[in-house]
Amino acid sequence: MNNKVLIIADLVIAGPANQVTVGGAVLIESGLIAAVGAAAELDSSIDATVPRLRCPGATVLPGMIDCHVHLSFDASLDPIAAVVQADPDKLSAAMAGRAERMLATGVTTVRDLGDRDALTVALRTSISSGTRVGPRILAATAPLTSRGGHCAFLGGEVTTDDDIRTQIARNAAAGADLIKVMASGGALTPGGPRMWEAQFTPDQLRLIVAEAGRHGLAVAAHAHGSDTIAHCVAAGVRTIEHCSWRTAAGIVHDPAVIRRMVEDDVAVCRCVSGDWQLFLDQMGPERAKAMAEVILEMREAGVRFIAGTDAGVPGARFDDYVGMLEFFVSLGFTHAEVLDMATVDAAHALGLSDTGTLAPGMRADLIVVSGNPLAELGSLRKVRHIFTAGRQVS
Ligand SMILES: [Zn+2]
């Protein structure tokens, strides 16, 4: 694949979002970015036979990254039934459709944090080989959970240290890109532990991180409970999912743990779906305010936030990534900050050094949107063109 194209637009956000070229251009060659610079310069210096994609009134930016999805869930009120009862072929086809829908919104990379039978790995292969169109996928396969614990129906139940070793080895053999652990309870599983209750001891969490590391894999930890968050950070996980600081007595955060997150570069994926307004209404004004304050305190302390929708769980659609970003803007995050959460910071936290910014040698994962997302975030909903690894899909 040696197809070249020169994209010319009013604005190029190379990333981080404060690196902007007014009147910019990006040259794609053989699936990679070959050059980024001023349009006038590149347009005149690059051979006239190279096709030009002229995009007046538009911005070029890195493809967006959703750090927390479940392609095997259907976003209905009962996603468990849809996963457990589905025939594998039908489920695979549905997952491929959801992945394609995500790509159409400008999301060029997704990290799937829990599926069944490693079906996401098969989808990853069919997308990377070009058989199917979709975002690049990082797959966690079956999340480790306690017996009867959060998302036990996905097949990753463990009790003993040996179980932990065996399940991690099984996931690695199935092609997992990382290990996911359900460190605390969650909202989805009937009869499982409460959201603030730990599912693993600190020793077990350390074993999980060490064992994953032996297979060359990082760990993403689902953690709502304040104690569990502290234990996960101490154990050395790479990302904390949800990070809602719950206790039996309400939201209680620990500034010392937050400082350690910053020091150890543990990123927080504070999953929010596009219908967050409904979620806030259900929480009530007091709890919503407490939740917002903790997020802002983590931001102030310098915690690296990364963008994730939890797409697939009830109410979390696969086509409303921008709605999630708008939640953070509603809290006072700048547009540049949320763009970084969606691109450069997400790539860093996921250990991807070849996407999330536009620079020579990077994968050509990029989107062209109408308008300027730094001025109006809604312009991210006006996707004109999408490239994934240099392949133009729209
Ligand atoms: Zn999740």
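Ala, Val, Leu, Ile, Met, Phe, Trp, Tyr, Cys and Pro count as nonpolar, Asp, Glu, Lys and Arg as charged, and the others, Gly among them, as polar. The model is predicted, so local features need pLDDT of at least 70 and side-chain atom pairs pLDDT 80 or more, while totals for chains, interfaces and linings use all residues. Numbering starts from 1 along each chain as its sequence is written, and side-chain values use heavy atoms, without hydrogens or water.

**Exercise 1. Find the residues that coordinate the zinc ion, and place them in the chain.**

Step 1. Pick out the donors (N, O and S atoms within 2.8 Å of the metal, 3.2 Å for Na, K and Ca; water is not among the atoms, so sites may look incomplete). His68 and His70 each offer NE2, and Asp310 offers OD. The distances run from 2.0 to 2.4 Å.

Step 2. Write the spacing. In sequence it reads H-x1-H-x239-D. His68 sits in strand 5 (residues 64-69), and Asp310 in the loop between strand 13 (305-306) and helix 11 (321-331). The two are 242 residues apart, so the pair links distant parts of the chain. Helices (H or I, at least four residues) and strands (E, at least two) are DSSP runs, numbered from the N terminus.

Step 3. Check burial (buried: under 20% relative accessible area, 1.4 Å probe, protein chains only; exposed: over 50%; partly exposed in between). His68 counts as buried because its relative accessibility is 1%. Asp310 is also buried, at 11%.

**Exercise 2. Describe the lining of the largest pocket.**

Step 1. Fix the term. A pocket is an open set of points on a 1 Å grid over the protein atoms alone, where a 1.4 Å probe fits, with protein on both sides within 12 Å along at least five of seven lines; lining residues have an atom within 4 Å of a point.

Step 2. Take the volume (the space filled by probe spheres set on the points, which are joined across faces, edges and corners). The largest pocket holds about 780 Å³.

Step 3. List the walls. There are 34 lining residues, and Ala187, Phe279, Asp310, Val313 and Pro314 lie nearest the centre. Asp310 is the zinc donor from Exercise 1. Strand 8 (179-182), strand 9 (219-225), strand 10 (239-247) and helix 9 (276-283) each supply at least two residues. Helix 9 gives the most, with five.

Step 4. Sort by class. The lining has 16 nonpolar, twelve polar and six charged residues.

**Exercise 3. Relate the second largest pocket to the two domains.**

Step 1. Split the protein, with bounds from an automatic or database domain assignment. Domain 1 covers 5-62 + 357-392, and domain 2 covers 64-349. Their centres, taken over C-alpha atoms, are 30 Å apart.

Step 2. Count the contacts (heavy atoms within 4.5 Å). 21 residues of domain 1 meet 25 residues of domain 2.

Step 3. Look at the pocket. The second largest pocket has a volume of about 270 Å³. Its lining has 18 residues, with Ile127, Ser128, Arg363, Thr388 and Ala389 closest to the centre. Each domain supplies at least three lining residues. Helix 4 (119-128) and strand 7 (136-139) each give at least two. By class, eight are nonpolar, four polar and six charged.

Step 4. Inspect Thr357. This residue lies in the loop between helix 13 (344-349) and strand 14 (366-370). With 17% relative accessible area, Thr357 is buried. Beyond residues up to four places away in sequence, Thr357 touches Ala14, Gly15, Ile33, Pro62, Val344 and Met362.

**Exercise 4. Say what covers the buried residues of helix 4 and helix 7.**

Step 1. Helix 4 buries Leu119, Thr120, Val121, Leu123, Ser126 and Ile127. Their cover includes helix 3 (88-104), strand 6 (107-112), strand 7 and helix 5 (161-174). Just after helix 4, Gly130 has a positive phi of about 90°.

Step 2. Helix 7 (residues 226-235) buries Ser226, Thr228, Ile229, Cys232, Val233 and Ala235. These pack against helix 6 (202-214), strand 9, strand 10 and helix 8 (255-264). Gly236 follows helix 7, with a positive phi near 95°.

**Exercise 5. Identify backbone angles to check at Pro16, His242 and Trp245.**

Step 1. Gly15 and Pro16 are joined by a cis peptide bond, with omega about -5°. Pro16 belongs to the loop between strand 1 (5-13) and strand 2 (20-29).

Step 2. His242, in strand 10, has a positive phi near 75° although not a glycine. His242 is buried at 8%.

Step 3. Trp245, also in strand 10, has a positive phi near 55°. Its relative accessible area is 0%, so Trp245 is buried.
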